[in-house]
Structure formats: C-alpha cells, structure tokens
Amino acid sequence: MEHSSGRRRALQAIAAVAGAGAWPALRAQGVAGGKPLRIVVGFAPGGAADVMTRIIAKGLGEELKQQVIVDNKPGADGIISAQEVMKSPPDGSTILMGTNTAMVAVPALRSNPPYDPFKAFVPISTAGEFSMFLAVAPQLPVKNLAEFLDLVAADPGKYTSASSNSASELAMLQLLSTRGVKVVNARYKGDAPALTDLASGQIHMIFSTGTLLPNFVKEGRAKALVTLLPKRSPLLPEVPTAAELGIGKLTITPWAGFFGPAGLPADTTEKLSAGLRAALARADVRDQLVAQGFASYGMAPAEFTAFFHRQYDAFTATVRENNVRFD
C-alpha cells in the first residue's frame with residue numbers, strides 16, 4: 001500500500017513537470033501550427049485602422065511567440081478584406097481586423113449585402129473604439145459647430161462632404177439632419193487622401209479619426225469642431241463633445257474587433273482571443289493606442305459576440321430612423 005502510494009506520488013510529480021514544460025512549448029507553436037498569422041485590414045496603410053492593427057499585431061506576436069503579418073486590402077467599405085478572410089481556411093492562420101463599417105454598416109445599409117456577418121465570421125475579441133472628430137476645411141469662415149451648420153444650411157449645394165467608411169458617412173448624415181441639410185458625399189479609400197483634399201479646400205467636411213487629424217489641426221490645415229467620443233480627447237482637448245453642444249442625436253462611434261472565418265475551431269478561437277486580450281493589456285501597447293486616440297479593450301469570444309449583436313441592433317435602428325440606404 002505504501003509502495004503504491006509512493007509510486008502514485010512520483011507519477012504525479014513527473015506529470016506536473018511535464019505539464020509545466022508543455023505550456024511554453026504550446027505558446028512557442030502559436031496557432032495554425034506556428035505558421036505566420038495574417039491579419040487582414042480593410043483600409044490603406046497609414047490610416048487609423050492600419051496603425052492600430054500594427055500596434056496590436058506586434059504585441060500579439062510577442063504574446064503568441066509567432067510571426068504576425070498585417071495585410072492591407074483596402075476598398076469597398078471593408079468588403080474586400082472581409083471576403084478575403086471568408087475564403088481563408090479556418091485554421092487560425094488568417095483573421096480579420098473588422099471595423100463596424102464592414103461588420104455592421106455594410107450588411108445593414110445594403111439591400112443585398114455581400115455576407116451575413118453572424119454566419120460568415122467568428123468573433124474573437126474586440127480591439128476598442130476609435131476617436132472621431134468633425135473636421136472642416138481651413139478656408140471656411142467658421143470657428144465653431146453652430147457657425148458651420150449655419151453656413152452649410154444657408155447654401156447646401158455649395159459644399160461637399162467626404163468619408164472613408166460608412167460610419168463616417170452616417171455620422172455626417174446624422175449631424176446635417178439636425179438642420180435638415182443634405183450635401184454631396186465623396187468616398188475615399190482612407191483618411192489620408194481625404195484630409196489632403198480637405199486641407200486644399202477640394203472638400204469641405206469629414207468625420208475623421210484621431211490618427212492623422214491632430215497634426216492637420218495643429219498645422220492649420222483643418223479645423224476640428226466636435227468629437228463623437230463621450231468625453232474630450234487628449235489628442236485635441238479643445239474640441240467639445242456632441243453632448244456638450246447639446247447634439248445627443250450623434251450616436252455613431254466607430255469600433256474595431258478581430259474575427260475569424262466561419263468554422264474556426266473553438267480552441268483556436270479562444271487561444272487567439274487570449275493572445276489578443278493579453279496584447280491589449282500590455283502597457284506598451286495600451287500607451288501607443290492612447291497616443292493614437294484609440295480606447296482599447298479586449299473581450300472573450302462569448303462577450304464579444306453579445307457586444308457585436310447589440311452594436312448591430314443599435315446601428316440598424318439608427319439606419320431605420322434616418323431612412324438611409326447605401327446601394
């Protein structure tokens with residue numbers, strides 16, 4: 001009996017040592033057998049989504065002990081990037097950095113959407129929320145939002161808006177609808193070219209994220225009049241919130257998260273999610289994201305799935321209220 005008990009303790013000790021050594025080996029393998037992990041981004045290099053993804057990708061690579069590659073597939077409101085991931089094998093080697101443009105606006109705003117986001121993708125983890133500001137051309141003779149709205153309302157056919165995604169476009173529609181104004185909108189593949197045209201006066205207004213805009217404002221190449229964040233951004237602390245200005249109707253806040261193709265196994269999904277949440281919790285990653293005006297937070301797959309459904313429902317309600325269609 002004593003001999004058997006001693007043998008059992010010895011086996012348990014061996015198993016504990018083996019288990020302790022297995023975890024680093026598992027981490028070293030990353031996911032998909034250690035192949036490079038590709039994160040597909042639906043926006044051009046240098047924009048807010050691209051910069052945010054590259055910051056997180058570096059932290060994720062260090063957490064998983066695996067090479068992580070960012071692959072830009074811009075255009076069509078993120079449809080190109082989404083379809084790229086849809087056709088990828090569900091082995092954890094390719095995931096999508098999806099914003100609410102591709103994952104909510106595209107299916108909500110089109111009569112014949114190119115995919116059902118709840119059937120075509122597996123939610124892995126949130127990334128967080130982008131800052132968003134109304135920027136206007138520096139040539140416009142306005143100093144605040146009220147003056148801007150008065151100017152546009154007086155001659156709406158004279159002014160042109162721009163957007164690099166559907167969330168930006170819908171936010172502009174919400175804002176201008178407070179004065180019953182509609183303007184022609186020009187679509188761009190990213191904020192960088194749109195802001196360049198804004199600075200020259202070729203377009204007059206855009207809702208832009210905080211990655212590039214602060215420098216345009218500081219250099220006098222754009223004016224920022226309102227932020228859609230719930231509180232003022234440290235990037236442009238002088239810019240008031242919509243709530244401060246009494247415009248509660250502005251409800252669009254752009255967010256981002258990571259998705260895998262349908263069929264991604266639960267254990268792979270959880271491993272990727274754990275790696276992303278660990279990366280987002282790193283001080284170096286968090287500080288860099290804050291500097292870009294990005295409020296980061298991760299979620300486990302089940303929590304993100306519930307969040308995703310709530311966001312979709314809220315967005316579609318806004319679409320119905322504004323009778324909007326982007327076909």
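**Close-up 1. A44 in the loop between β1 and α2.** A44 sits in the loop that runs between β1 (37-41) and α2. The model shown here and in the other views is predicted. A44 is partly exposed, with a relative accessible area of 24%. That value falls in the partly exposed class because buried means under 20% and exposed means over 50%. P74 lies 30 residues away along the chain, yet the C-alpha atoms of A44 and P74 are separated by 5.3 Å. P74 is also one of the residues that A44 touches. The others are D50, N72 and K189, leaving aside residues up to four places away in sequence.

**Close-up 2. K65, between α2 and β2.** K65 belongs to the loop that links α2 (48-64) and β2 (68-72). The phi of K65 is near 55°. This is a positive value, and K65 is a residue other than glycine. K65 is exposed, at a relative accessible area of 53%.

**Close-up 3. A76 in the loop between β2 and α3.** A76 is placed in the loop between β2 and α3 (79-86). Its phi, near 60°, is positive, in a residue other than glycine. A76 counts as partly exposed, with 45% relative accessibility.

**Close-up 4. D77 and its contacts.** D77 is also found in the loop between β2 and α3. Is D77 buried or exposed? D77 is buried, with a relative accessible area of 12%. That value is under 20%, so D77 meets the cut-off for buried. D77 touches T101, A102, V106 and R110. S164, N165, S166 and R187 are also among the residues touched by D77. Residues up to four places away in sequence are not counted here.

**Close-up 5. Helix α8 and what covers its buried residues.** Helix α8 spans residues 191-200. Which residues of α8 are buried? They are D191, A194, L195, D197, L198 and A199. An α-helix has 3.6 residues a turn, so residues three or four places apart point the same way. What covers the buried residues of α8? The cover includes two strands, β5 (133-136) and β8 (205-208). Helix α9 (213-218) is also part of the cover.

**Close-up 6. G201, just after α8.** G201 comes just after helix α8. Here phi is positive, at about 85°.

Conventions. Residues are numbered from 1 along each chain as its sequence is written. This is a predicted model: local features need pLDDT of at least 70, side-chain atom pairs count only at pLDDT 80 or more; totals for chains, interfaces and linings use all residues. Side-chain values use heavy atoms; hydrogens and water are left out. Helices (H or I, at least four residues) and strands (E, at least two) are DSSP runs, numbered from the N terminus. Buried means under 20% relative accessible area, exposed over 50%, partly exposed in between (1.4 Å probe, protein chains only). Contact means heavy atoms within 4.5 Å.
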